[in-house]
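The exercises below ask you to read ring contacts and pockets from a model, and each one is followed by a worked solution. Please try each task before reading on.

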Amino acid sequence: MSHAPLSVTTPLPESFRHQDFLTFHRRDKTELAEKVDCSEVIKGITLQGVPTLLHLTLSDKTARLSIHSDAEECRMTEEELQYLLKHMLGLRQTTDEFEFEYRAHPELSRLLNHSAGLRIPQTVTPFEAITWAITGQLISVEAAVSIRRRLIEATGVQHSSGMWCLPDEKILARTEIETYRSCGYSNSKATTIQRIAQALVDGSLSLSLDADPKEIGEQLLAIKGVGPWTVSYTLLRGFGWLDGSLHGDVAVRRSLQQLLGLEEKPTEKETKQWLASFSPYRALVAAHLWAMDSDKSY
């Protein structure tokens, strides 16, 4: 029997972009493990091996997160849940400082006029971010969503409500490569996800939110199958680190071409050089470029 849900609430800044957060969780139209109902996001996760639902509800001025676990006792404290709420909403990101610094910049001011207040919605865990990043390497969002959906079903964790739950590292560490392949993963992607999951389980890798993102990035880059785009995306979406360089992202380069009025799409090298001057906000600038592009739900 599940316990009574634990709930926490936090105020939202006036500039908070509600639709960005809701759109991020609408990627899977089948609503297998994430459902958006008006201003509420319902998400199924596996928390310490237990099927768990998160209900995050937005109002004009506040956000509320409640946790519904199939365990007899909740596996999170009120303090941990409050941290998770602010993390998922991106409320710890220094977006105000960024916008103040670049409000008069000739190019960035145009981006800010288009998407002022933009924050990066976060995955529940960094492991969710890196599995999503690896799944999405070099394929469309729609294809990545479909493959991810099949993996969620193949790993077989459902909450008592019937909602499917994202598998955690323990589940994916023991998932056979053949199962990944049957879901649509290449052998390279399957072995990379399994390798990372196993490293997290045996303790040779840590994705702690308390750690230095640069150090985690260096550890991840040393893993076969993990490249710079995957690392920068993982640190942005899983840690809220705003200084990764997403110069290899096609949508970033396409939007930069539009922003600068170039005849051809800039190369990865040219995009990297352009983004470099905006450190420590390179990934946030890339996210603003995503916001110009229709394919922005990554």
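**Exercise 1.** Over the face of which residue does arginine 103 lie, and at what distance from the ring centre?

*Solution.* The model is a predicted one, and the distance is computed from its atoms. Starting from arginine 103, one finds that the ring beneath it belongs to phenylalanine 100, with 4.1 Å to the ring centre. A further arrangement of this kind can then be located at arginine 92, which lies over the face of tyrosine 83 at 4.0 Å from the ring centre.

**Exercise 2.** Determine how many aromatic pairs the structure holds, and classify the pair that tyrosine 180 forms with tyrosine 185.

*Solution.* The count of aromatic pairs is seven. For tyrosine 180 and tyrosine 185, the ring centres are 5.8 Å apart and the planes meet at 85°. Because planes over 60 degrees apart count as edge-to-face, the pair formed by tyrosine 180 and tyrosine 185 is edge-to-face. Next, consider the ring cluster, in which ring pairs link Phe98, Tyr102, Trp274, Phe278 and Tyr281.

**Exercise 3.** Is tyrosine 180 buried or exposed, and is tyrosine 185 buried or exposed?

*Solution.* The cut-off needed here is that buried means under 20% relative accessible area. Tyrosine 180 has a relative accessibility of 0% and therefore counts as buried. Tyrosine 185, with a relative accessible area of 4%, is buried.

**Exercise 4.** Describe the largest pocket by its volume, its lining residues and the elements that contribute to the lining.

*Solution.* First, the volume of the largest pocket is about 1,000 Å³. Second, 35 residues line the largest pocket, and Leu47, Val124, Thr125, Pro126 and Glu169 are the closest to its centre. Third, the elements that give two or more residues to this lining include strand E3 (40-47), helix H2 (78-89) and helix H9 (187-202), while the largest share, six residues, comes from H5. Finally, the lining of the largest pocket divides into 19 nonpolar, eight polar and eight charged residues.

**Exercise 5.** Which residues are the closest to the centre of the second largest pocket, and how do the residues of its lining divide into nonpolar, polar and charged?

*Solution.* The second largest pocket holds about 500 Å³ of space. Of the 21 residues that line this second largest pocket, those closest to its centre are Leu138, Trp229, Gly248, Asp249 and Val250. At least two residues of the lining are supplied by each of helix H11 (228-239) and helix H12 (250-260). Sorted by character, the lining of the second largest pocket comprises nine nonpolar, eight polar and four charged residues.

Key: Residues are numbered from 1 along each chain as its sequence is written. This is a predicted model: local features need pLDDT of at least 70, side-chain atom pairs count only at pLDDT 80 or more; totals for chains, interfaces and linings use all residues. Side-chain values use heavy atoms; hydrogens and water are left out. Rings of Phe, Tyr and Trp (its six-membered ring) pair if their centres lie within 6.5 Å; planes under 30 degrees apart count as stacked, over 60 as edge-to-face and the rest as tilted. Buried means under 20% relative accessible area, exposed over 50%, partly exposed in between (1.4 Å probe, protein chains only). A charge sits over a ring if NZ of Lys or CZ of Arg is within 6 Å of the ring centre and within 35 degrees of the ring normal. On a 1 Å grid over the protein atoms alone, a cavity is a set of points where a 1.4 Å probe fits but cannot get out, and a pocket is an open set with protein on both sides within 12 Å along at least five of seven lines; lining residues have an atom within 4 Å of a point. Grid points are joined across faces, edges and corners, and a volume is the space filled by probe spheres set on the points. Helices (H or I, at least four residues) and strands (E, at least two) are DSSP runs, numbered from the N terminus. Ala, Val, Leu, Ile, Met, Phe, Trp, Tyr, Cys and Pro count as nonpolar, Asp, Glu, Lys and Arg as charged, and the others, Gly among them, as polar.
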